[in-house]
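Thank you all for making time this morning. I would like to take you through one model, and I will try to keep to what can be read from its atoms.

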Amino acid sequence: MSDYSALPVPPMSIRFDQAAGTLSPAGPTLTRRMSDLEGLFRDQNSWRTAVADGDPIVYSVVSSPVPEIDRELPQSITTIHPGTTGGEFWMTKGHQHPNHQGEIYLGMSGNGGLLMFDGKDTRWVDMAPGTIGYIPPGWAHRSVNVGSEPYSFLAVYPGGAGHDYSWVLENGLGQRVWRQDDGLAFVDYFAEV
Ligand code: F6R
Ligand code: ZN
């Protein structure tokens, strides 16, 4: 027997219901409201107004039962609702994997993008259904909905990678993504607007 014999979860198939946004069997589900994104939108007054004005759900993350432990490959589906706050497109909090490892995203519905920052350089990958976005080890990442429909994608990542949210609060993500006319524009993360 190999040292893989004591499996936390058995081999399995996991079904995703696109219409319901559920995984079966399911692991944890996370709902992020506007109030959970404190300190992340550039326009803090607009953020405060949105929190006071109903504190809308910005995104949700449904996970499979595969645990976040070393050598496992957990998966989750994130759905970001369409919207802007102070002109900045709705987005995930963004994080760095402290135990630097790669990750892949697969676009499932809607139009979004993947913003990556290694502390010096910034990269943007347009995400649409069927696009695979690759996040190399050491690149912090945030997803942004740049469309008018919900944007959903599948993430697959090493279970031992960990998630550091304070890194983004301290270092930013290089750029921010704003609605401009019918399209989008990028501005420096810490620039005054
Ligand atoms: C996992 C991963 C995604 C995000 C999800 C929510 O490593 O990158 O599953 O966790 O899109 O974004 P955050 O975690 O930044 O709130
Ligand atoms: Zn990640």
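I will begin with the conventions, then turn to the ligand, then to a few residues, and end with the backbone.

What we have here is a predicted model, in which local features need pLDDT of at least 70 and side-chain atom pairs count only at pLDDT 80 or more, while totals for chains, interfaces and linings use all residues. Residues are numbered from 1 along each chain as its sequence is written, chains are lettered from A and ligands numbered from 1 in the order in which they are written, and side-chain values use heavy atoms, with hydrogens and water left out.

Let me start with the ligand. Ligand 1 sits in the largest pocket. By pocket I mean, on a 1 Å grid over the protein atoms alone, an open set of points with protein on both sides within 12 Å along at least five of seven lines, where the probe is one of 1.4 Å; a molecule sits in a pocket if more than half of its atoms lie within 2 Å of its grid points. The elements that give two or more residues to the shell around ligand 1 are β4 (57–63), β5 (75–80), β8 (103–109) and β13 (151–156), where strands are DSSP runs of E with at least two residues, helices are runs of H or I with at least four, and both are numbered from the N terminus. In total 18 residues surround ligand 1, and the closest are Tyr59, Thr78, Tyr105, His163 and Tyr165; to be counted as near, a residue must have a heavy atom within 4 Å of the molecule.

Which side chains have an N or O atom 3.0 Å from an oxygen atom of ligand 1? Ser76 has one, and so has His95, while for His141 the distance from an oxygen atom of the ligand is 3.4 Å. Taken alone, ligand 1 exposes 400 Å², and the protein buries 96% of that, with areas from the Shrake-Rupley method and a 1.4 Å probe.

Next, Gln96, which is found in the loop between β7 (88–89) and β8. Is this residue buried or exposed? Gln96 counts as buried because its relative accessibility is 4%, the limits being under 20% relative accessible area for buried, over 50% for exposed, and partly exposed in between, with a 1.4 Å probe and protein chains only. Leaving aside neighbours within four places in sequence, its contacts (heavy atoms within 4.5 Å) include His163, which is also among the closest residues to ligand 1. The side chain of Gln96 also reaches the backbone oxygen of Gly138 at 3.2 Å.

Gly138 itself lies in the loop between β11 (132–135) and β12 (140–145), and at 17% relative accessibility Gly138 is buried. Its C-alpha atom is 6.1 Å from that of Asp118, although the two residues are 20 apart along the chain, and Gly138 touches His100, Phe117 and Asp118 as well as Gln96, not counting residues up to four places away in sequence.

Strand β5 brings us to Thr79, a residue that counts as buried at 18% relative accessibility. Its side chain makes a polar contact with that of Ser152 at 2.9 Å, a polar contact being a pair of N or O atoms within 3.5 Å, where, within protein, one must be able to donate a hydrogen and the other to accept it, and residues adjacent in sequence count only if both atoms are side-chain atoms.

In strand β9 (residues 112–117) we find Leu115, which is buried at 1% relative accessibility. The C-alpha atoms of Leu115 and Ser143, 28 residues apart along the chain, are separated by 6.2 Å.

Finally, the backbone. Most residues other than glycine have a negative phi, and most peptide bonds are trans. Here, the peptide bond from Ser24 to Pro25 is cis, with omega near -5 degrees, and Pro25 is found in the loop between β2 (22–24) and β3 (29–33). Just after helix α1, Gly54 takes a positive phi of about 105 degrees, and Asp55, in the loop between α1 and β4, has a positive phi near 40 degrees. Arg71, in the loop between β4 and β5, has a positive phi of about 80 degrees although it is not a glycine. Whereas Asp55 is buried at 16% relative accessibility, Arg71 is exposed, with a relative accessible area of 55%.

Conventions
1 Å grid on protein atoms, 1.4 Å probe; cavity = no way out; pocket = protein on both sides within 12 Å on 5 of 7 lines; lining within 4 Å.
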